[in-house]
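Subject: Structure handover

Hi,

Here is the structure I promised to pass on. Please open it alongside this message.

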Amino acid sequence: MNNVRKQKRANKSLPFFFKDEFKVSFVIIFISTILLISTFSFDIVPPILNRGIQPATFPKALLVLIISLTLIVYFLSTKKPWKTEKKLPKPFYLTLISFLLFILISKTLDFFLAISVLSVFVSYYWGERRFFYLLLVSIIFPIIVFIFFETILGLRFPPGIITNIYYQV
Amino acid sequence: MENLLLMMAPLFSSKLLLVLFFGTLFGLILGVLPGLGPTTGGALILPFTMTLDPLSAIVLLTSIYCAGTYGGAITAILINTPGTPAAAATCLDGYPLAQKGEAGRALGMATVSSTVGGIFSVIILVFFAPLLAKLAYEFGQPEYFALAIFGLTMLASIGEGSPIKNLIAGAFGILISTIGKDFMTSIDRFTYGINELSEGIGFIPVVVGLFAISEMLTQSTLLDQIFKRVALKAVKLPSLKDYKLTWKTILRSSGIGSFIGVLPAEGGTVASLIGYSEAKRFSKKPEEFGKGSIEGIAGAEAANNAATGGAMVPTLALGIPGSATTAVILTGLIIHGVRPGPDLFREQPEFLYGIFGAMLIANVLFFIFGFFGAKIFARITLVPNKILWPMIFTVSVCGTYSLSQSILDVWIMIFFGVLGFFMRRYGFSVVPVIIGLILGELVEGTLRQSLVIFDGNWLMFFTRPIALTFFILSFIALAFPLLRSKKNKK
């Protein structure tokens, strides 16, 4: 209880730009503004072909709505601050890194390898140390799923160093 | 009579019975596992439905929906963690009752009230969906636009969390639907030269990302959490005394759940909370709520399962999903070339009544599975997260890839997973994004076509009585949370 109070007090004393309310609102408004600017580069339909409104009008209206509502959310948060969230633990960041690894490996090396690396990485850092279970999540289970998808759905997975060997066999 | 026979069709088809059997079993497993649920499960199984005929595919999805909603109660009662958000209210009394050594009684009541709620809602579905579909014949483009807006405002208003944040999430969902070629003029929007984006962003990568991958990230923050499972000998059917005490609550909650389900909102989650609070309000012993009241369990469980049939009403009659899971079912219908709406009732009654019949059977099946197998299903929660979630990731990746055979879809799934995690962390519900995405094309299309009909005059919307009614209802839906918070302050 004391810890929560301390954290709340600490949050109150932070400058506004360090508070979650500001950071979240800023990110939403910033991205929405960039998207809004990009809508001005959409092609314009000549009046003779145009039915109703221009293709850019609807997304523009949505983005303006999102920005306006976010401003309201921020304004309301100055009166009633958000609940302070706990700091994210190390396994969260490691899982996030494993997603990046997955994207990198699936793009450059192999889709299957990417799944195996992510599975073994996540399982290990989440606390699994037994060799059989690491083998199960990283090799045995993905192979079963691959074969299942391939035979039942007739799916062909993207080429890569391991997948190519499988398809050649 | 003819319709009743059509409803019985699944009973006479061994293939449909097998699909129902596996769908119910799979739904229960999904419901039991915290973090997973019928929405994620439905989205993951969607690629496999391509190997089935349309009726079997939708029967599979609906049986997952019914059984998954009930399955959440098993974990809620035995480990005090709702398997699905819809079972959150069940924890309040289910776990305290289980701690008193009455886990079997709590599960028995949850099973019976879920089944009654589910069957009640299917009856509502059978009577209401055709009526709503007939009414929908009166709807033109402006009415559909107003209806979609009403759906989104209802979602924002009675959905989980802040209404304004829900509106932002809904608008974001609609914005995602605008990515790709404009369907009226074929002009690229937000594609930034990426050819794969011209076709737009698929529904499945977004759903799997927002539900499964974001949940994986959430689980990574909860690794030190220890579940204490209450021992269960066997599920007990409620006693005559329990029936006498709860039958009114079960019926009331079934009605509430069906009604909430029909509204385009978060279906079971909201229904169970209202069902629970109404059970407390009408109870002769409200002081027992939160300490193991059997009425509390009945109120929450009857309501959340009743919402399943209710949520199918607008999905089938209007093509507007009543919950996140029905949005997945709607996608399943579209993928299989079935267009929900009034024409479906006229042209394919055997298809529709087959679904109704299958939902009825699924409710009976999960009663049997739940009654005899709750102890086994509860053991599934013992699968450690460090093994379970990498496996779910593998299935998510392959399932997402399989629909369009596009690696970009997999990356989009991961992007939405990370986004979904942060959205939930800062109080933005992900359900409006899903509903917004699926309604996006309808909202934009009907708006633009209406403006063509009205020759660009926006005010003409208010000259159409049905559209005007929906706009007034939308306004009320938006004003309701404001009035409620002012009343609470007083």
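My notes on confidence, the chain contact and the helix pairs follow.

**Confidence**

Keep in mind that this is a predicted model. The predictor gives the complex an ipTM of 0.89 and a pTM of 0.87. For chain B, the average pLDDT is 86, and 97% of the residues score at least 70. Within chain B, α16(B) has the highest mean pLDDT of the elements, at 93. The lowest mean, 72, belongs to helix α1 of chain B, residues 2–8. As a general caution, predicted coordinates should not be read in detail where pLDDT is low.

**Chain A**

Chain A has 169 residues, of which 24% count as buried. Its secondary structure is seven helices and zero strands. Read from the N terminus, the order of elements is α-α-α-α-α-α-α. Take the contacts in chain A with a separation of 6 or more: 58% of them join residues 24 or more positions apart.

**Where the chains meet**

How many residues does each chain bring to the contact? Chain A gives 50 residues and chain B gives 48 residues. On the chain B side, these elements give two or more residues each:

- α7 (163–177) of chain B
- α8 (203–220) of chain B
- α15 (385–404) of chain B
- α16 (407–425) of chain B
- α17 (431–453) of chain B

The largest share of that side comes from α15(B), with twelve residues. By class, the chain B side that touches chain A splits into 30 nonpolar, eleven polar and seven charged residues.

**A helix pair across the chains: α3(A) and α7(B)**

Helix α3 of chain A covers residues 57–79. Its axis and that of α7(B) come within 9 Å and cross at roughly 160°. An angle over 145 counts as roughly antiparallel, so α3(A) is roughly antiparallel to α7(B). The crossing is left-handed.

From α3(A), the contact uses P59(A), L62(A), L63(A), L65(A), I66(A), L69(A), T70(A), I72(A) and V73(A). From α7(B), it uses I164(B), K165(B), L167(B), I168(B), A171(B), F172(B), I174(B) and L175(B). The class count for this contact is 15 nonpolar, one polar and one charged.

**A helix pair inside chain B: α8(B) and α15(B)**

Both helices also give residues to the side that touches chain A. Their axes come within 10 Å and cross at roughly 165°. That angle makes α8(B) roughly antiparallel to α15(B). Here too, the crossing is left-handed.

On α8(B), the residues in contact are I204(B), P205(B), V208(B), A212(B), I213(B), M216(B) and Q219(B). They meet N385(B), W389(B), I392(B), F393(B), S396(B), G399(B), T400(B) and L403(B) of α15(B). This contact has ten nonpolar, five polar and no charged residues.

**One residue to look at: R379(B)**

R379(B) sits in helix α14 of chain B, residues 349–380. Is R379(B) buried or exposed? R379(B) is exposed, because it has 12 other C-beta atoms within 10 Å, and 12 or fewer counts as exposed. Now compare its position with that of L451(B). The two are 72 residues apart along the chain, and their C-alpha atoms are separated by 57 Å.

Best wishes

Key
Residues are numbered from 1 along each chain as its sequence is written. Chains are lettered from A and ligands numbered from 1 in the order in which they are written. This is a predicted model: local features need pLDDT of at least 70, side-chain atom pairs count only at pLDDT 80 or more; totals for chains, interfaces and linings use all residues. Two residues are in contact if their C-beta atoms, placed from the backbone, lie within 7 Å. Helices (H or I, at least four residues) and strands (E, at least two) are DSSP runs, numbered from the N terminus. Ala, Val, Leu, Ile, Met, Phe, Trp, Tyr, Cys and Pro count as nonpolar, Asp, Glu, Lys and Arg as charged, and the others, Gly among them, as polar. Axes are lines fitted to C-alpha atoms, for helices over the stretch in contact, and angles run from 0 to 180 degrees between N-to-C directions. Angles under 35 degrees count as roughly parallel, over 145 as roughly antiparallel, 65 to 115 as roughly perpendicular and the rest as oblique. A crossing is left-handed if the near helix is turned anticlockwise from the far one by less than a right angle, and right-handed if clockwise. pLDDT is the predictor's confidence in each residue, from 0 to 100. A residue is buried if 20 or more other C-beta atoms lie within 10 Å of its own, exposed if 12 or fewer, and partly exposed in between; C-beta atoms are placed from the backbone.
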